[in-house]
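Let's take a stroll through a small report on one protein. Have a look at the sequence and the 3D picture first, and then we'll go through them together.

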Amino acid sequence: MKKEIPKIYVNNISKIHNNKEVFYSYKENNLEKKEIVEYPDIYELQDRIDEIFRSKDFIYKKKLFIKTKYGEGYYTIISKSYDYLLTIDGEKIYIQNILDIKDN
């Protein structure tokens with residue numbers, strides 16, 4: 001029986017050229033200018049939403065103008081959860097996406 005361990009194949013590495021060559025890519029600056037959107041303070045937004053729900057004229061539903069990252073429009077809000085508002089149509093409007101909210 002042979003008592004020698006089999007030899008492992010090792011590739012011959014004569015020179016190492018790490019970080020000697022650099023790839024640089026230049027892309028033309030033809031980007032469209034986008035409107036800079038200022039995000040409201042989340043605590044200020046939560047306070048405004050809480051004021052709407054605490055008002056004396058809110059019983060079951062309230063029509064509000066809501067501007068989000070994805071669009072804007074009038075929505076009839078029926079309830080508020082921790083992280084979203086629920087509309088009468090069953091749509092969830094996440095509070096983190098709201099940019100502005102106004103009462104009629």
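How many helices and strands are there in the protein? There are one helix and five strands. Keep in mind that what you're looking at is a predicted model. If you start at the N terminus and walk along the chain, the elements come in the order α-β-β-β-β-β. The protein has 104 residues, and 20% of them count as buried.

**Inside the helix**

Let's begin with helix α1, which covers residues 42–54 and is home to Ile-49. Is Ile-49 buried or exposed? Ile-49 is buried, because its relative accessible area is 1% and buried means under 20%. Now try finding Leu-85 in the picture. Ile-49 and Leu-85 are 36 residues apart in sequence, yet their C-alpha atoms are 9.3 Å apart in space.

**Charged pairs**

Next up are the salt bridges. Side chains of opposite charge can pair when their charged atoms come close. A search of the whole structure turns up five salt bridges. Here are some of them:

| Side chains | N to O distance |
|---|---|
| Asp-100 and Arg-48 | 2.8 Å |
| Lys-62 and Asp-103 | 3.4 Å |
| Lys-102 and Asp-100 | 3.7 Å |

Take the salt bridge between Asp-100 and Arg-48, with 2.8 Å from N to O. This pair links distant parts of the chain: Asp-100 belongs to strand β5 (residues 98–103), Arg-48 sits in helix α1, and 52 residues separate them. Arg-48 is partly exposed, with a relative accessible area of 29%.

Now for the salt bridge between Lys-62 and Asp-103. Lys-62 is in strand β1 (residues 62–68) and Asp-103 is in strand β5, so this pair ties together parts that lie 41 residues apart in sequence. Which of the two words fits Lys-62, buried or exposed? Lys-62 counts as buried, since its relative accessibility is 9%. Its partner Asp-103 is partly exposed, with a relative accessible area of 41%.

Lys-102 also pairs with Asp-100 in a salt bridge. Lys-102 is partly exposed, at 45% relative accessible area. Which residues do salt bridges with shared partners join into one network? They are Glu-44, Arg-48, Asp-100 and Lys-102.

**The largest pocket**

Rolling a probe the size of a water molecule over the atoms shows where empty space is left. In this model, the largest pocket holds about 150 Å³ of space. Which residues line the largest pocket? The lining is made of Ile-42, Gln-46, Tyr-82, Asp-83, Tyr-94, Ile-95 and Gln-96. Sorted by class, that gives four nonpolar, two polar and one charged residues.

One of these lining residues is Gln-96, and you'll find it in the loop between β4 and β5. Gln-96 counts as exposed because its relative accessibility is 60%, and the cut-off for exposed is over 50%. From Gln-96 to Pro-40 there are 56 residues in sequence, while the distance in space is 9.4 Å, C-alpha to C-alpha.

**Out on the surface**

Which residues make the nonpolar surface patch? Ile-59, Tyr-60 and Ile-88 do, and the patch comes to about 360 Å². Ile-88 is located in the loop between β3 (84–87) and β4 (92–94). With a relative accessible area of 40%, Ile-88 is partly exposed.

Another loop, between β2 (72–80) and β3, holds Ser-81. Ser-81 is partly exposed too, with a relative accessible area of 27%. Ser-81 and Lys-92 are 11 residues apart in sequence, and their C-alpha atoms are 9.6 Å apart in space.

**Back to the picture**

Now return to the model and trace what you've read. Start at helix α1 with Ile-49, then follow the link from Arg-48 in helix α1 to Asp-100 in strand β5. After that, look for the pocket lining, including Tyr-82 and Tyr-94, and end at the nonpolar patch of Ile-59, Tyr-60 and Ile-88.

Note on methods: Residues are numbered from 1 along each chain as its sequence is written. This is a predicted model: local features need pLDDT of at least 70, side-chain atom pairs count only at pLDDT 80 or more; totals for chains, interfaces and linings use all residues. Side-chain values use heavy atoms; hydrogens and water are left out. On a 1 Å grid over the protein atoms alone, a cavity is a set of points where a 1.4 Å probe fits but cannot get out, and a pocket is an open set with protein on both sides within 12 Å along at least five of seven lines; lining residues have an atom within 4 Å of a point. Grid points are joined across faces, edges and corners, and a volume is the space filled by probe spheres set on the points. Ala, Val, Leu, Ile, Met, Phe, Trp, Tyr, Cys and Pro count as nonpolar, Asp, Glu, Lys and Arg as charged, and the others, Gly among them, as polar. Patches are made of residues with over 30% relative accessible area and no salt bridge: like charges are joined within 9 Å, nonpolar side chains (Val, Leu, Ile, Met, Phe, Trp, Tyr) within 5 Å. Accessible areas come from the Shrake-Rupley method with a 1.4 Å probe; for residues, only the protein chains shown count as cover. A salt bridge is a side-chain nitrogen of Lys or Arg within 4 Å of a carboxyl oxygen of Asp or Glu. Helices (H or I, at least four residues) and strands (E, at least two) are DSSP runs, numbered from the N terminus. Buried means under 20% relative accessible area, exposed over 50%, partly exposed in between (1.4 Å probe, protein chains only).
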